[in-house]
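This briefing goes through a protein structure by topic. The sequence and the structure come first, followed by notes on a pocket, the cysteines, the strands and two loop residues.

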Amino acid sequence: MSFVPGSQQRHLRACMVCSIVQVQQRFIREGCPNCETFLGLQNHPEDVQQCTSQVFEGLITLADPSSSWVARWQRLDGYVPGVYAVKVVGQLPEETVQNIEDAGGRYIPRDGTVHDDDA
């Protein structure tokens, strides 16, 4: 995530799947750098609204997610470097969860409702 001016901070959103934080327009313009293959957010503002959230807590900046213990703890290892939310509040549409599972993935909510024992 590049520098975000104070006037644009209210437009920040976090992906409900990977928790990366970007401005809404970047999600629309480029999609999610980690989840685009199954979310398809690029050029779909309505999907950006459904699959990202303005309600999130805490920020983590990861320069090298593959070697970071924080990335492993937050289940972010394997994702692109960037700024991630610690918790993301929101619920994905059931169809989107099914798309993730069909693509071979497993959706783990980023709101803290799933614990290590469940994942």
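By class, how many nonpolar, polar and charged residues are in the lining of the second largest pocket? The model is predicted, and in it this lining has seven nonpolar, two polar and three charged residues. The points below start with that pocket and then turn to other parts of the chain.

**Second largest pocket**
- The volume of the second largest pocket is about 160 Å³.
- Its lining includes Val17, Asn34, Cys35, Phe38, Arg75 and Tyr79.
- Also among the lining residues are Ile100, Gly105, Arg106, Tyr107, Ile108 and Arg110.
- The three charged residues of the lining are Arg75, Arg106 and Arg110.
- The two polar residues are Asn34 and Gly105, as glycine is counted with the polar class.

**Cysteines**
- The model has zero disulfides, counting a pair of cysteine sulfur atoms within 2.5 Å as a disulfide.
- The closest cysteine sulfur to that of Cys15 belongs to Cys18 and is 3.8 Å away, which is too far for a bond.
- Cys15 is buried, with a relative accessibility of 0%.
- Cys51 is in no disulfide either, and its nearest cysteine sulfur is that of Cys15, 7.3 Å away.
- Cys51 has a relative accessible area of 2% and is therefore buried, the limit being under 20%.

**Strands**
- Three strands form an open sheet in the order β2-β1-β3, and their pairing is antiparallel.
- β2 and β3 (52-53) are the edge strands, each of them pairing on one side only.
- β1 and β2 run antiparallel and are joined by three bridges.
- One bridge partner in β2 is Val23, which is matched with Leu12.

**Two residues with positive phi**
- Ser19 is a residue other than glycine with a positive phi, near 75 degrees.
- Ser19 sits in the loop that runs between β1 (12-15) and β2 (21-23).
- Is Ser19 buried or exposed? Ser19 counts as buried because its relative accessibility is 1%, and the limit for buried is under 20%.
- Asn43, also not a glycine, has a positive phi near 65 degrees.
- The loop that holds Asn43 lies between α2 (36-39) and α3 (45-51).
- Asn43 has a relative accessible area of 55% and so is exposed, the limit for that being over 50%.
- Of these two loop residues, Ser19 is buried, whereas Asn43 is exposed.

Notes
Residues numbered from 1 in each chain as written. Predicted model: local features only at pLDDT ≥ 70, side-chain atom pairs only at ≥ 80, totals over all residues. Heavy atoms only, no water. 1 Å grid on protein atoms, 1.4 Å probe; cavity = no way out; pocket = protein on both sides within 12 Å on 5 of 7 lines; lining within 4 Å. Points joined across faces, edges and corners; volume = space filled by probe spheres on them. Buried < 20%, exposed > 50% of the residue type's maximum accessible area, 1.4 Å probe, protein only. Helix = DSSP H or I, 4+ residues; strand = E, 2+ residues; numbered from the N terminus. Pairing = 2+ DSSP bridges.
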